[in-house]
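Biologist: Could you walk me through this model, and show me how each label gets earned?

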Amino acid sequence: MRPVLVWVLLSSLLRPISAARPPQENSAEIVAQNADKPADSPAAAAGDDEGAEYTTFNGIKVPQMKDIEGEQFNETIKDGYWFVEHFSPSCGHCQAFAPTWQTLYEFYYTSSPIQSQTKSSSPDTPNSLNGFHGYYNFHFARMNCIAFGDACAKNNIKAWPSLMLYKNGEFVEKYTGEKSIAALSHYVEEKLEQIKPGSRPRQGLKVPEVGANRVDRTAMPETPLAKDKDVAAGAAAGEKHNDQAAALADATNTAMLSSETAKAGRTKEVSRTGPVPNPQGTSISLTAESFQKLVTSSQDAWFIKFYAPWCGHCQALAPTWDQMAKAMKGQLNVGEVNCDAESRLCKEARVKGYPTIHYFRGGERVGYDGLRGLGDLLSFAEKALDSDVKYVDAAQFKDMEETEEVIFTYFFDHATTSEDFAALDRLTLSLIGHAKIVKTDSPALAERFKISTWPRLLVSRDGVPTYYTALAPKDMRDFRRVLTWMQSVWLPIVPELTIPNALDILTNKFVVLGILSRNRPDDFIQSKRELKNAALEWMDKQTQLFQLERQEMRDAKQLRIDEAEDRNDQRALRQAKSQRIGIREEDFRKPVTFAWVDGVFWERWLRTTYGVDVTEGDRVIINDEENKQYWDTTTSGAYIIPSRTSILETLHQIVASSPPKIQPKSTIGTLENIFFQIRHFGSYHPYLALGLLFASIAGVATLGKRKMRRVAGGSGGGLGILNGASGNGGGYFKLDGKEGLLNGMGVGGGGGGTEKAD
């Protein structure tokens with residue numbers, strides 16, 4: 001089986017092949033041409049465009065199966081269920097499968113839902129309302145991937161033949177079972193039972209042999225299906241739920257499938273019930289009582305502002321908040337709390353300043369720290385409404401990759417517990433405004449990302465996966481640890497530094513910051529490419545080093561186990577086996593992230609903080625915000641430029657050794673840097689800093705006492721003379737009546753004095 005894309009370039013040359021049918025050896029014989037059809041024949045009633053030939057099955061004329069042309073694919077499948085074979089006329093597997101697919105189509109085209117229940121000997125016209133197509137709106141079709149390679153590529157066709165099920169124009173799933181007529185019939189029966197519950201025979205159907213032109217529909221199947229054995233109860237249940245299930249199937253394209261692959265992780269999309277949120281499009285003033293009733297004790301979502309009437313920032317936000325509430329009419333509840341009137345409520349909500357904005361859902365909340373423009377508030381609100389964990393398959397995931405830079409993906413299987421899913425749902429609030437999170441049990445995605453254990457969590461950034469390392473099953477339900485990991489990877493590989501994400505990017509990590517200018521488009525594109533390539537190469541290298549470190553710890557543990565076994569030391573053996581390999585990737589070393597900043601927009605900040613002038617060319621700095629320092633030169637003294645070689649060589653010299661081999665520069669002034677270093681030392685070494693403080697105080701006190709002793713010891717003689725000779729015209733000490741003489745000497749020494757002693 002060859003990839004479809006290989007043939008796309010040949011599509012224009014091979015388009016005439018689309019009229020050819022796959023070989024149909026041993027299928028029903030071709031009976032007549034369209035011109036010879038009676039006007040009331042099923043084939044004529046079908047009104048097929050191709051209509052070049054028809055076959056017979058159980059004495060009923062069957063028109064040619066629908067051959068879908070690529071440009072008409074979406075228009076063709078927009079109504080009802082479509083089971084489509086994507087094939088290549090030159091594919092040996094397709095040629096072998098063609099008779100099976102044709103016989104399956106003929107068998108169901110000529111079947112009657114009423115007949116399947118009553119076993120009537122006179123089937124309804126296939127295209128009547130009681131016929132197969134009219135009753136189920138279920139169709140069989142095929143598409144030639146040689147003639148329409150671009151359409152097959154768009155449908156994510158990787159091999160031939162591929163059988164895809166669509167509903168109302170939307171992809172449902174790929175058939176992955178055995179390509180026998182019995183297995184295919186079993187699959188189709190599941191879908192038909194879902195469309196019209198209770199309409200299919202409970203014991204199953206007698207299917208024809210491949211290539212046969214008739215089958216005894218009254219015969220019992222050799223292996224009855226494992227369905228409800230209580231015929232009366234099954235019929236009653238089918239009659240009761242038929243209308244409800246059919247309406248649900250028509251109302252939503254994502255209803256849970258009835259096949260074995262539809263497990264707990266595939267959530268059913270249901271219409272919203274209950275009162276419409278925010279019916280008036282206004283921000284509701286909430287009291288402690290109404291807050292408890294409407295927000296805390298309900299599952300409804302609320303966007304709430306905590307404010308004070310005297311706060312200038314709150315007054316400036318008020319009109320924008322009202323506009324946002326109006327725009328969210330019918331979608332999201334919007335409220336506000338006056339903290340002067342409801343001080344206790346605001347204290348319980350841990351409101352530290354005004355205005356404070358929180359998003360609440362199901363008793364949990366997340367703070368909004370973004371900008372306060374109307375567009376910013378609406379963007380957050382819309383993302384919050386779309387923050388549920390949705391199920392995706394391989395095709396839907398591929399579509400998401402075209403619009404989302406960061407996608408968290410949770411892989412589950414049939415053994416994943418409800419506690420695991422509950423822990424997953426808790427993460428959604430914290431991810432609002434940062435990244436999408438989805439879940440899947442798709443075998444294709446598991447194969448793509450090499451998933452072999454479940455549940456598993458990863459993040460895909462620009463198609464590059466990063467895995468969450470769970471040392472034990474409970475680690476997958478550790479909310480704090482999982483969220484901490486998510487926060488470390490929820491930015492794109494090389495994001496743009498902006499006001500909302502500056503704190504996330506710069507805090508507690510080394511940041512390789514590209515200072516670029518859009519005024520030089522060619523250099524801008526090239527510099528971003530070099531930054532991304534450097535980031536990917538650095539990530540790969542760090543992953544390898546981390547894995548090597550873990551492997552060395554495992555080897556050391558095994559060495560201790562082997563040594564204890566050789567000595568037959570059971571105590572040492574138990575200790576060695578109980579040792580846990582506890583190294584985590586986030587603890588391996590201080591993380592490094594990559595980003596870029598618009599050097600023109602941030603020109604003043606870059607010039608005053610880092611001394612960079614973007615007009616002189618694109619530059620790179622490596623920033624350590626935690627220590628208020630940065631590096632802008634390589635080991636040779638040249639400026640770091642947007643080049644993989646320049647970046648990675650310098651980064652290794654900074655990160656791999658402590659202290660760094662390259663001298664850093666400070667982002668703050670000399671005096672401020674002294675105080676920062678003192679505070680920084682006290683933060684990291686509190687006990688040592690406290691000891692040094694007490695030692696300094698003791699030293700100052702000792703020096704003071706010694707000075708006082710020297711002063712007191714010389715007060716009977718020379719000190720008074722020194723005092724008088726100071727030229728002040730007056731002494732500091734009283735010397736029992738002699739101070740006048742000393743003062744006089746002092747004055748005289750100062751240029752002649754007239755003061756006399758008494």
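**Helices that meet**

Modeller: Let's start with a contact between two helices in this predicted model. Glu530, Leu531, Asn533, Ala534, Glu537, Trp538 and Lys541 in α20 meet Arg644, Ile647, Leu648, Leu651, His652 and Val655 in α23. Sorted by class, the residues of this contact of α20 with α23 are seven nonpolar, two polar and four charged.

Biologist: What makes Asn533 and His652 polar here, rather than charged?

Modeller: Charged is kept for Asp, Glu, Lys and Arg. Asn and His are on neither the charged list nor the nonpolar one, so they count as polar. That fits the two polar residues in the contact of α20 with α23.

Biologist: Why is α20 called oblique to α23?

Modeller: The axes of α20 and α23 (residues 644–655) cross at roughly 40° and come within 9 Å. Angles under 35 degrees would count as roughly parallel, and 65 to 115 as roughly perpendicular. The value of 40° falls in neither range, so α20 is oblique to α23. As for handedness, α20 passes α23 in a right-handed crossing.

Biologist: And how do you know that α20 is roughly antiparallel to α21?

Modeller: Same game with the angle. α20 and α21 (residues 570–578) pack at about 165°, with axes 8 Å apart. Anything over 145 counts as roughly antiparallel, so that is the label for α20 and α21. The crossing of α20 past α21 is left-handed.

Biologist: Which residues of α20 and α21 meet?

Modeller: On the α20 side you'll find Lys557, Arg560, Ile561, Ala564, Glu565 and Arg567, and on the α21 side Ala572, Leu573, Ala576 and Lys577. The contact of α20 with α21 divides into five nonpolar, five charged and no polar residues.

Biologist: What is the length of α20, and how does its reach compare with the expected one?

Modeller: α20 covers residues 521–567, which is 47 residues. From its first C-alpha to its last, α20 reaches 70 Å, and the expected value at 1.5 Å a residue is 69 Å, so the two are close. Right after α20 comes Asn568, with a positive phi near 55°.

**A sheet with a helix across it**

Biologist: What makes β9 and β13 edge strands?

Modeller: Look at the order first. Five strands make an open sheet, β9-β11-β10-β12-β13, with mixed pairing. β9 (284–285) and β13 (364–368) each have a single partner strand, so one side of each is left without a neighbour in the sheet.

Biologist: How do you know that β12 and β13 really pair?

Modeller: Pairing needs at least two bridges. β12 (residues 356–361) is joined to β13 by five bridges, so the pair qualifies, and the two strands run antiparallel. Want to see partners? Ile357 is bridged to Tyr368 in β13, and Tyr359 to Val366. β12 and β13 form a hairpin with two residues between them, and Gly362 in the turn has a positive phi of about 60°.

Biologist: Which strands does α11 lie across?

Modeller: α11 (residues 312–327) lies across β10 (301–307), β11 (333–338) and β12, and runs at about 160° to β10. α11 also packs against α13 (residues 374–385), at an angle of about 40° with axes 9 Å apart. That value is above 35 and below 65, so α11 is oblique to α13. α11 passes α13 in a right-handed crossing.

Biologist: Which residues of α11 and α13 are involved?

Modeller: Leu317, Thr320, Trp321, Gln323, Met324 and Ala327 in α11 meet Leu374, Leu377 and Leu378 in α13. They divide into seven nonpolar, two polar and no charged.

**Another sheet, another hairpin**

Biologist: Why are β4 and β8 said to stand at the edges of their sheet?

Modeller: Their open sheet has five strands in the order β4-β6-β5-β7-β8, with mixed pairing. β4 (66–67) and β8 (170–174) each have a single partner strand, so one side of each lacks a neighbour in the sheet. Further in, β5 (residues 81–87) and β6 (residues 138–144) pair in the parallel sense over seven bridges, and Phe83 stands opposite Phe140 in β6. α4 (residues 92–109) packs on this sheet, touching β5, β6 and β7 (162–167).

Biologist: What joins β17 to β18?

Modeller: Four bridges join β17 (residues 456–461) to β18 (residues 464–467), and the strands run antiparallel. Val459 stands opposite Thr466 in β18. β17 and β18 form a hairpin with two residues between them, where Asp462 in the turn has a positive phi of about 55°.

How values were computed: Residues are numbered from 1 along each chain as its sequence is written. This is a predicted model: local features need pLDDT of at least 70, side-chain atom pairs count only at pLDDT 80 or more; totals for chains, interfaces and linings use all residues. Side-chain values use heavy atoms; hydrogens and water are left out. Contact means heavy atoms within 4.5 Å. Axes are lines fitted to C-alpha atoms, for helices over the stretch in contact, and angles run from 0 to 180 degrees between N-to-C directions. A crossing is left-handed if the near helix is turned anticlockwise from the far one by less than a right angle, and right-handed if clockwise.
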